[in-house]
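Hi everyone, thanks for coming. I'd like to walk you through one structure today, so let me put it up on the screen.

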2 protein chains.
Amino acid sequence: LAVKFNRVCVAGVGLIGGSMALAMKRLKIAGRITGVGRGERNLKDALALGIIDGYTHNIEEGVVGADLVVLATPMRAMKELVRRCEGKFKKGAILTEVGSTKKKMIDEVLPLVGPGVDFIPTHPIAGKEKSGAIHSDPEIFKGRWCIIVPTKKSSKPGVEKIRRLWLALGSRVETMDPKDHDRVLAGISHLPHVVAYALVGALLEMDKKNPMLRFSAGGFRDFIRIAGSSSQMWRDICLENKQPIIDTIESYRKQLERIKIMIEKEQSEKLEQFFEECRGVKELVDKGHD
Amino acid sequence: LAVKFNRVCVAGVGLIGGSMALAMKRLKIAGRITGVGRGERNLKDALALGIIDGYTHNIEEGVVGADLVVLATPMRAMKELVRRCEGKFKKGAILTEVGSTKKKMIDEVLPLVGPGVDFIPTHPIAGKEKSGAIHSDPEIFKGRWCIIVPTKKSSKPGVEKIRRLWLALGSRVETMDPKDHDRVLAGISHLPHVVAYALVGALLEMDKKNPMLRFSAGGFRDFIRIAGSSSQMWRDICLENKQPIIDTIESYRKQLERIKIMIEKEQSEKLEQFFEECRGVKELVDKGHD
């Protein structure tokens with residue numbers, strides 16, 4: 001199951017890009033790794049930490065000779081980066097990316113992917129609230145899912161190589177089509193964030209009339225942490241995965257309305273039964289993990 | 001600031017009752033502590049762990065001679081417990097309780113409180129997802145808020161004694177009237193739980209059509225933990241604090257609708273600004289803590 005890339009280019013050496021680079025180096029999956037980014041400081045940190053072997057601010061330079069190109073930048077930047085690299089990729093290079101949504105990005109990027117480039121989107125469902133190369137952690141993919149989303153421009157051997165890469169990084173790998181990926185992620189990740197942002201927004205409003213935030217405890221503090229993620233990243237996700245997120249908000253509203261009615265009508269048994277069903281979700285989720 | 005109760009009766013030796021008892025013993029605030037409960041096993045555990053010095057299944061026996069009676073049972077049981085103790089309390093005894101809601105409970109219990117009993121409701125905003133005497137932890141109140149909700153049957157010296165008790169247990173103490181208490185708690189605690197239950201309910205529904213739960217990661221797992229709390233306790237809270245909770249659900253729905261519209265209309269800047277405002281909540285919350 002060995003997998004090896006002599007030269008790797010990682011564009012966007014943040015938490016995910018940096019962690020991938022570090023893991024590939026430690027496992028000797030990657031030979032030389034070139035980082036690409038805009039911020040000098042972050043790239044210098046990455047170099048000092050041994051995450052990358054060199055860096056450039058120009059993606060066109062970074063991809064030259066690379067066997068594997070990883071786009072780990074904000075979603076919105078990807079299209080432009082691929083456009084700028086037209087004709088610069090090594091023949092047979094694998095181009096992958098690790099964005100949180102797929103359909104819209106693939107629709108936009110696919111026409112820009114030239115012949116001889118193997119384009120294989122992936123989504124490692126991993127992360128922390130922290131960002132930047134200095135928080136890189138080669139272990140963050142262990143035991144987590146990585147979804148591979150093959151396109152019309154993905155070769156079978158390329159997909160297999162990427163699968164082996166993620167298995168080597170410790171992930172559990174599943175293949176999905178873009179729509180399924182986006183629907184699943186809207187449910188398990190995007191909706192929870194929207195729900196947390198709405199709660200924080202509601203409490204900020206209520207606090208204006210009745211100061212209450214300073215008393216907040218356990219439960220609400222988890223929401224604060226969730227809503228403490230990058231504003232730009234979540235703005236992008238909401239816009240990139242618009243319809244599936246709106247659909248999940250609708251499903252969610254129905255459940256909220258259902259609880260509200262049970263409370264209004266004081267349906268004691270129904271409420272308890274519903275809460276009890278919710279407790280059962282833990283088992284279903286644990287099935288997907290160890 | 002010393003406070004001392006020679007004989008204490010704790011009805012409901014669960015997480016909160018047990019933790020209070022343990023803390024009061026360690027700090028030598030309580031002399032002899034009698035536990036009251038229905039489950040033999042839990043009371044035996046509490047006795048073996050040195051949380052209580054003896055126990056009974058009859059509250060009428062437990063309160064005899066007690067200088068402090070703590071009701072730490074489910075909210076719904078309190079009224080009946082107080083009724084059963086009519087005429088059994090020691091003259092000048094302090095009767096306190098630690099339930100999560102106040103208005104309805106006080107309205108029901110107050111008429112049953114006889115002369116010579118000092119009735120002083122409190123709400124320590126502390127807890128864990130675990131329950132039962134064996135999870136007792138005398139430190140769980142440290143740095144957390146305890147809200148004292150005086151009634152018409154609370155004496156000033158009694159309120160002062162209870163304030164000192166909670167300060168000794170490490171809490172920060174605030175006094176509120178029942179309505180304010182219930183409104184604040186609906187916001188910072190009850191609404192977050194309702195929101196988490198609704199999310200879990202929505203995902204259970206969506207999972208039937210598109211299996212997705214097994215892929216769930218970070219964000220959603222916090223919700224699972226929140227929705228993993230006791231179903232009976234949360235049913236009781238929803239019914240005891242009905243109107244304030246319904247009001248907060250309404251405020252919440254408006255925020256959710258607001259986000260949905262921003263996504264639908266692709267209001268990129270507004271979305272980012274809103275998410276950024278939400279990130280700011282951390283500071284407001286931290287003001288109330290250290």
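Before we look at the inside, a quick word on terms: by a nonpolar core I mean a set of buried Ala, Val, Leu, Ile, Met, Phe, Trp, Tyr and Cys residues joined through side-chain atoms within 4.5 Å. And please keep in mind that this is a predicted model.

With that in hand, the largest nonpolar core here has 143 residues. Which residues have the most contacts inside it? They are Phe220 and Tyr252, in chain A and in chain B.

Let's stay with Phe220(A) for a moment. Beyond its neighbours within four places in sequence, Phe220(A) touches Leu199(A), Val200(A), Leu203(A) and Leu213(A) from its own chain, and Ile188(B), Pro192(B), Val281(B) and Val285(B) from the partner.

Now, how are the two chains related? A turn of 180° with a shift of 0.0 Å along the axis lays chain A on chain B, with an RMSD of 0.1 Å. That is the relation of a two-fold axis. Both copies use the same surface, since 100% of the contact residues of chain A recur in chain B. If you want to find the axis on the screen, look for Asp222(A): its C-alpha, at 3.4 Å, comes closest among the residues of chain A.

One last stop, Thr96(A), in strand β5, residues 94-97 of chain A. Is Thr96(A) buried or exposed? Thr96(A) is buried, at 2% relative accessible area. Its side chain reaches the backbone oxygen of Ile120(A) at 2.5 Å. Contacts of Thr96(A) farther along the sequence than four places include Val69(A), Leu71(A), Pro121(A) and Ile162(A).

Terms used. Residues numbered from 1 in each chain as written. Chains lettered and ligands numbered in written order. Predicted model: local features only at pLDDT ≥ 70, side-chain atom pairs only at ≥ 80, totals over all residues. Heavy atoms only, no water. Least-squares fit on C-alpha atoms with pLDDT ≥ 70 in both. Contact = heavy atoms within 4.5 Å. Helix = DSSP H or I, 4+ residues; strand = E, 2+ residues; numbered from the N terminus. Buried < 20%, exposed > 50% of the residue type's maximum accessible area, 1.4 Å probe, protein only. Polar contact = N/O pair within 3.5 Å; in protein donor to acceptor, adjacent residues only side chain to side chain.
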